[in-house]
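The following exercises are intended for a reader who meets this structure for the first time. Please attempt each task before turning to its solution.

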Amino acid sequence: MKKMKALFRSSSSSSLSFTIMHRFLLKLSSSTNPLRNSKNQLPLILPRFLSSTTASESPPPPRTSHPSNRFISRSGHPYSADSFRKSQAFSSKSRALGVRCISSEAGRESIEYDVLIIGAGPAGLSAAIRLKQLCQEKNADLSVCVVEKGAEVGGHVISGNVFEPLALDELLPHWRQEQAPIEVAASSDKFWFLTKNRAISLPSPFDNKGNYVISLSQLVRWLGGKAEELGIEIYPGFSASEVLYDASDKVVGIATKDMGISKDGSKKETFQPGVDIKGRVTLFAEGCRGSLSEKIIKKYKLREEVNAQHQTYALGIKEVWEIDESKHNPGEVVHTLGWPLDPKTYGGSFLYHMNNRQVALGLVVALNYKNPFLNPYEEFQKLKHHPAIKRILEGGTVLQYGARTLNEGGFQSIPYPVFPGGAIIGCSAGFLNVPKIKGTHTAMKSGMLAAEAAFGALHEGSNMSTYWDNLRSSWVWKELYSARNYRPAFEYGLIPGLAVSAMEHYVLRGKVPFTLKHGKADHEATDLARKWKPIEYPKPDGVLSFDVPTSLYRSNTNHDHDQPSHLRLRDPKIPEKVNLPEYAAPESRYCPARVYEYVEDEEGKPKLQINAQNCLHCKACDIKDPKQNIEWTVPEGGGGPAYSIM
Amino acid sequence: MKILVAVKRVVDYAVKIRVKPDKTGVDTQNVKMSMNPFCEIALEEALRIKEAGFAKEVVAVSIGPSQCVDTLRTGLAMGADRGIHVEASYSFLPLTIAKILKSLADVENPGLIFLGKQAIDDDCNQTGQMVAALLGWPQATFASKVVLDKDKQSATVDREVDEGLETLSVDLPAVITTDLRLNQPRYATLPNIMKAKSKPIKKMTLEDLKVDIKSDIEIVEVTEPPKRKSGVIVSSVDELIYKLKNEAHVV
């Protein structure tokens, strides 16, 4: 059974056993040499390819995966690497100046909807479904389009997840009779404090009675099906790469990314320019640290508008295991604190028993850690060797692996989510309840409230600002307000944090007149490397712990490699001038996909190599890079992980 | 002229697969499926032939469960004119597929049948050849270049074979299976995806086509390949020769 396996480059020559050589073979057979260095001065380093190859049967990556699709064949302007970069930078300005306005420009097609939603996740789909429900109730007809960068709905969705069905009960009250993939009721709430060898049971701060252990990827797929039944047009495989503005600086939609541009910036034979998708209302539901949402928040100064603090984040790394029947206890929910993280680093692990002998296991590490030598992926591998965890995993196999950042800013970091032309919903704004570690229900509710505001704005002439008003009078606000002081208390350390948590949980419940503030922004919190010592991580044993390429293979991640790197360096010199000498290259450690590696160039000097093809779209680099030099932008649609049970 | 293109819905090439615990096959539940990459190349070639004016219609056909319609929609979005879905509840082996395609060819009367050289899930590389044999048509497999001659009603096909390239001339109607380097399939554009929703997909059953699906082949067991054993480092050439002679028995 020959299958294509991904090429994950690792200069430490670990597993070369996984390679996709389709494009490589194709290039070898034609005259263009993929190993040639671009003559153009690109701000990116072109990854070098290892030339090993396995099976000779290597089909090219599917251009049209199920049903990921690309863009129109028009547009005439020539593409050299330079003009490509220039035109990218220029076009958003030109749009703001009104050069590319609402009417379709020669060469680019423009499609218009009443409501455009970016991202087919819980928030985006809930908003879409709510809109169509309102249309049915009030006999209106609004066209709704959802664009999604993953190849399939649910493909980029990853979460713990112990699901609180509160918002779903409001959205689709009959979900129990409609084969929703919500079957395993949470049966127990365990809480362990881990030391190197022991697991000390503590009273659980969580109460998950009434909640369900689910795969959010599966739930989102199901929601996608429900949305399509209601006539919502969902287009997976399209990444929104630019926001479109009209002459008055109002958001009118997005432009999907040009497809078929080769690594050096030139147009390939299959080049298709992006499509402009316009909406009378545009809702951004890109998830945590959404690339376009961040731009919008900056542009309209949405945090300043309500005196919100900066957002803070954590990185979650997760595996789904299929374990021994005898060890499986569906509905069991375990959270841990302590080892392997030190008392100054906030984070913990989770272990949830789903059905089909599957368990979800993960480690969440707050990204405001100080030690630049910390490697969250390796900490996760360590965790699996803890006796209490090992006992459960032994004899099992890993089915999938993935990683994603999540919001930890809570109430203090919520920006004003409305801007001219639309609103931001879900984790892109940041409604995750940190002590509960649940964000799905609040994301869905925010989508529903935004849909109601959008419907009012389009159909009844009211204003999108009713979204903000409705948010503040909803249970989302109450919940986030009462949870607001848990996480900031940990700035003072593990013990003070736990003490405050206990106080909040048993006594105060947020009813104090003060609101604790977050510490430094995550990227500023990283200490200089000379203050710390490198951490010696044990080698993976291949049974419980694995190296990054092996894990990456299980995420099913892939990108067409012949495209410009979607990870942009604002200043190409900073990695070698600052990151490496001063911070010991933290990006080579916090990235759970080994995208960033320093390799020696021809002169023996270390140079940053960006293996963009490996990217899991977690956004950790965009958040944690000390000089904020790395900008995560969308790659060609359809690329990225293919989560199905995460 | 009409071109018939057979497309197969398979597990996406980048997905890590595993064998079901009961060893009856590969676990395809909750797994991302896509059009077989070689079938995409076949469809692309058919579309290019139509765009060059040699064919009037490209018909995509897929055999399998109801989700095959998604694969057909992708094909329609790339530019096929209509689709045919032959409903089948489980996956058939190449001979059955070939018999179904033969029945369809009898009905549709295409001038060319394009297939991918093999499917990436079973790697059989048999269906195209069997269809040609059942129809009594000439076949050109592993095509890396196809040039049609309208006047002579023939196609000149470069085939990728072990010794290099072989150039064949086949009279139409013919069966061509496509190899990797034939072309680069186009992206389907968003407006085309929207248009594809209204293109017709005809549903047919095996009874309609009067095909006997009895197979002489039964899949007994599916297992993962044995784990690769670690190598042994030898300390001298003599030791190597000794091992090759007495342990591996290859010298």
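Five exercises with worked solutions follow, after a short note on conventions.

This is a predicted model, in which local features need pLDDT of at least 70 and side-chain atom pairs count only at pLDDT 80 or more, while totals for chains, interfaces and linings use all residues. Residues are numbered from 1 along each chain as its sequence is written, chains are lettered from A and ligands numbered from 1 in the order in which they are written, and side-chain values use heavy atoms, with hydrogens and water left out.

**Exercise 1. Chain B as a whole**

Task: State how many helices and strands chain B has, and what share of its residues is buried.

Solution:
- Chain B contains seven helices and 11 strands. Helices (H or I, at least four residues) and strands (E, at least two) are DSSP runs, numbered from the N terminus.
- Its C-alpha atoms fill a box of roughly 70 × 45 × 40 Å along the principal axes.
- Of the 251 residues in chain B, 51% are buried. Buried means under 20% relative accessible area, exposed over 50%, and partly exposed in between (1.4 Å probe, protein chains only).
- The chain exposes about 12,400 Å², of which carbon and sulfur atoms supply 52%. Such areas come from the Shrake-Rupley method with a 1.4 Å probe; for residues, only the protein chains shown count as cover.
- Among contacts in chain B between residues at least 6 apart in sequence, 69% join residues at least 24 apart. Contact means heavy atoms within 4.5 Å.

**Exercise 2. The surroundings of B:Ile176**

Task: Determine whether B:Ile176 is buried or exposed, and which residues it touches.

Solution:
- B:Ile176 belongs to strand β10 (residues 174-178) of chain B.
- Its relative accessibility is 0%, so B:Ile176 counts as buried.
- Leaving aside residues up to four places away in sequence, B:Ile176 touches B:Leu112, B:Ile113, B:Phe114, B:Leu115, B:Ala140, B:Ala143, B:Val146 and B:Val157.
- B:Lys197 lies 21 residues from B:Ile176 along the chain, and their C-alpha atoms are separated by 28 Å.

**Exercise 3. Helix α3 against helix α10 in chain A**

Task: Describe how α3(A) and α10(A) cross, and give the handedness of the crossing.

Solution:
- Two packed helices are described by the angle between their axes and the distance between the axes.
- Axes are lines fitted to C-alpha atoms, for helices over the stretch in contact, and angles run from 0 to 180 degrees between N-to-C directions.
- The axes of α3 (residues 122-137) and α10 (residues 440-459) of chain A come within 7 Å and cross at roughly 40°.
- The two helices are therefore oblique to each other. Angles under 35 degrees count as roughly parallel, over 145 as roughly antiparallel, 65 to 115 as roughly perpendicular and the rest as oblique.
- The crossing of α3(A) and α10(A) is right-handed. A crossing is left-handed if the near helix is turned anticlockwise from the far one by less than a right angle, and right-handed if clockwise.
- Residues in the contact include A:Ala127 and A:Leu131 in α3(A), and A:Met444 and A:Met448 in α10(A).
- By class, this contact of α3(A) with α10(A) has 12 nonpolar, three polar and two charged residues. Ala, Val, Leu, Ile, Met, Phe, Trp, Tyr, Cys and Pro count as nonpolar, Asp, Glu, Lys and Arg as charged, and the others, Gly among them, as polar.

**Exercise 4. Helix α3 against helix α5 in chain A**

Task: Find the orientation of α3(A) and α5(A) and the residues that form their contact.

Solution:
- The axes of α3(A) and α5 (residues 216-229) of chain A come within 10 Å, crossing at roughly 20°.
- α3(A) and α5(A) are therefore roughly parallel to each other.
- α3(A) passes α5(A) in a left-handed crossing.
- A:Pro122, A:Leu125 and A:Ile129 of α3(A) make the contact with A:Leu216, A:Val220, A:Leu223, A:Gly224, A:Lys226 and A:Ala227 of α5(A).
- Seven nonpolar, one polar and one charged residues form the contact of α3(A) with α5(A).

**Exercise 5. Backbone exceptions**

Task: Locate A:Asn307 and A:His617, and decide whether each is buried or exposed.

Solution:
- Most residues other than glycine have a negative phi, and most peptide bonds are trans.
- A:Asn307, not a glycine, has a positive phi of about 55°. A:Asn307 lies in the loop between α7 (302-305) and β14 (313-322) of chain A, and counts as exposed at 73% relative accessibility.
- A:His617, not a glycine, has a positive phi of about 65°. A:His617 is in the loop between β23 (606-610) and α19 (620-624) of chain A, and is buried, with a relative accessible area of 3%.
- A cis peptide bond joins B:Leu172 and B:Pro173, with omega about -5°. B:Pro173 is in the loop between β9 (164-171) and β10 of chain B.
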